[in-house]
Amino acid sequence: MVSRYQVLEDILEEVRGRKSLVATALILAPILSFLLSLLVGRYQISPQIVFSVLISKILPFHYDVPKQVEIVIIQVRLPRAIAAALVGAALALSGTSFQGLFRNPLVSSQILGVASGAGFGAALALLLSGDPVIVQVSAFGFGIVAVAISYALSRTYRETSLLTLVLAGIVVGALFSALISLIKYVADPYEKLPSITFWLMGSLSAVSFRELTWNFIPIVVPCIILVLARWRLNVLSLGEEEAKALGIDVERMRMLVISCCTLMTAAAVSIAGMVGWVGLVIPHIGRMLVGPDHKVLVPASIAIGAAYLLIVDSMVRIVSTFEMPLGVLTAIIGAPFFAYLLRKRTVSWR
Amino acid sequence: MNGRIVVVSLAVLMVLVLTAWVFVYLKPWVVRMVALYPYTLSATFEELERLFERENGGVDLELKPYHVREELYTLLDEGEVDIVIAEDLSVMEMLSENGYVNWYLEFATGDGGTAYYIAVSRNSKHLEQALAFTQLLLSEEGKDVLREYGYEPVTPAMGFGDVPEELREYALEFKSVIDWLGRRVIVPKPVKRVVSIVPMITLSILMMDGGDLLVGVDSVSPTSELLTKVFPQIKNIPVAGAPWSVNIELILSLDPDVVLTTDRPMEVVKKFEELEIPVVIVPMGRLHCDQLPEAIRLIGKVIDREDKAEELASYCEEKMMALMNVTSKIPRSERAKVYIAISDGLKTHITYISRDIVWIAGGVNVAENLSGPAGGGPPMAAVSMETVLTWNPDVIITWDPKVKELILSDPRWAEVNAVKNNRVYVIPRGLRSWITPEPEAFLGAMWLAEKLNPDAFSFNFEEEVKLFYHRFLGYELSDEELSRILSGEYGVEIPGT
């Protein structure tokens, strides 16, 4: 006779097995897609050469290839792959954190107006100067300014209501969107306007190590902080009363999460332009795979976000001679995939 | 004996009968005039005939109705015709082209917007009487008859061609222009108030000495630093917008004789048509190099600057041919590969004109196969660094000095041929960048030709530029201005500052 405990044991075993399978997949996915994105591109290089060149950079042996090939691998593909991973991870993680913080599945990394702010900053810089460095700095700066305005608007009597915060974010987002339109309106349609439009659609094509070095810290440091504080997100997602009862300084915690997410998103947007869908969809996919516990969900989101953007960017590179805008492809691939998941399983934010 | 009397009297009788016939029927003192008209107007014209013959004794108007156009042409070929009435402008245009008439007038409209035209044949032997009939038709009396039969007289009538002195008080003069899309546009003659909402059209107008006709300009032109120096008045002309963001009310208030624009977006053109503002389409942005002179002639025709336009257009053609005579002999494989870098260096210009200019200058644009604005997209395409490295261009040109700096300082570009051989150039910028579809593009082609094949060309380029500005803009460039043009430093001001 099989005991009741035996049945339970079996179920637990199955769950554990599934969990370890998911865990392995989540660890392998970003690594594999990173390697894949180093292999594909318009410049024909065999995988063997790519790996030899990469290994020769780490290990002390010499591998002779034309300078051009080395530039493609080291200066073009490597920074681009790292950027895709960083941007994907940053957008997905800030999406997850915001959904937990606001206790709302419709929230994405751009809810507080950071993307519109950054878009405005970039458009303004493209109009006035066109210097890529200034464009990046301006995008990053205005992204943060936008969130600061949202936060300031929502702060009354030393407290922040989540509802006001969301509304303030929408208001600020709308304001900056309008300002973007204004800039597009006055921009020279034959010289400036297309650059602005391209920027707003998102792309990683111009990423070099220089951009990466500036944006590495604003992405990685908040990322580490959020990973370390991920259990607090669980508490926050219980609601304000419960969190207070559990002895958490809700106000301070919120501010920490918001600043981390803002820094990450602003940096991500200033590298890649407007890339939609990642911050909204990846958290849901993560929840379907590992459940709503932020202790697991946070690392999972990072892994899925990185892998997703790496794969989409690889596609961007090989689809055609001219570059498809990244933001367009994330939506074209992301939306049907999300719809498929919606049909298969119910989406919840807990 | 008797027989002779009979013969003589018969002869006399015959002479008498003949004379009587001549007097009764042929009436040699009566002027006979023939008018051809569509049979649908029969009742109206019979009434007008009675009126005319009552007032003009001794004139006999013979009405010959026709049913189809072909009949009209046959009748015209068969005999003398004084007056022609037609239901369709194209009939009149055809007659005018073939030399039957020198002018024609739209005098009435009927059901469904049919317009009716009258013309007097060039070979008419009764010019005076034919004009008198036309005057009658255009007078209040004539209009009453038209109204009576359900036609709406056009007041004042619209005249096309060399309208004779006698009729000028009844008619305003117009001309019909076939625009780039083959639309027939009716424009007053001479045109006095012109609105252009496309920068390249505005520049072309300035270069054919039409600046004083502009009452509204595009939003971009007043921001060009050199343009405001060459033509300072532009600052005082109201900004009417751009094709996708026109200020319709402002344009209405400017009361333009004609608006010049491009066909995208078409809704705007439709809007102008609804408001009955004559709109001429010249899609400068997507023209080929060899179409540019034609576009210039069209603009000249619209604004009555045909001579200046011809001068400008033939200048462009001459320069193009001079370059082609040398460069067309260069085989494709020996041409320098040219890449146009914009923005962050990884955007490239994909208009026909930039492709053509590179070709005329003796190079080949590496991005020539990317889909261009013919597909409706922006005149720019994004490419990846790897694509550029695969192309490995021999020459890189850019319209912004900053992009040149960026490319020279970025290690990813270091191995590109153009960078290795120090052949990264900034495209000169005069009124606009010299690679945009306006007449200066031909200066751009010459500039690039010299950069690509320095040995093959021996023109004094700097003199050429000064001469161009002198000849077409009446502006004497200083050496300092010239060097700023050639270094591409001329900036654009930001609107509102």
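This is a short dialogue on reading a strand and a cavity in a predicted model.

Student: What are the ground rules here?

Tutor: In this predicted model, local features need pLDDT of at least 70 and side-chain atom pairs pLDDT 80 or more, while totals for chains, interfaces and linings use all residues. Residues are numbered from 1 along each chain, chains are lettered from A in the order written, and side-chain values use heavy atoms, without hydrogens and water.

Student: Are the faces of strand β19 of chain B covered or open?

Tutor: In a regular strand the side chains alternate between the two faces of the sheet. Strands are DSSP runs of E, at least two residues, numbered from the N terminus. Both faces of β19(B), residues 395–398, are covered. Val395(B) and Ile397(B) are buried on one side, Ile396(B) and Thr398(B) on the other. Buried means under 20% relative accessible area (1.4 Å probe, protein chains only).

Student: Which residue stands opposite Ile397(B) in β20(B)?

Tutor: Tyr425(B). Strands pair if DSSP finds at least two bridges between them. β19(B) and β20(B) have three, in the parallel sense. β15(B) joins β19(B) by four bridges, also parallel, with Ile340(B) opposite Ile397(B).

Student: How many cavities of 30 Å³ or more are there?

Tutor: Rolling a probe the size of a water molecule over the atoms shows where empty space is left. A cavity is a set of points on a 1 Å grid over the protein atoms alone where a 1.4 Å probe fits but cannot get out; lining residues have an atom within 4 Å of a point. The whole structure has five. The largest cavity is lined by 31 residues, with Trp199(A), Ala206(A), Ile271(A), Asp344(B) and Lys347(B) nearest its centre.

Terms used: Buried means under 20% relative accessible area, exposed over 50%, partly exposed in between (1.4 Å probe, protein chains only). On a 1 Å grid over the protein atoms alone, a cavity is a set of points where a 1.4 Å probe fits but cannot get out, and a pocket is an open set with protein on both sides within 12 Å along at least five of seven lines; lining residues have an atom within 4 Å of a point. Grid points are joined across faces, edges and corners, and a volume is the space filled by probe spheres set on the points.
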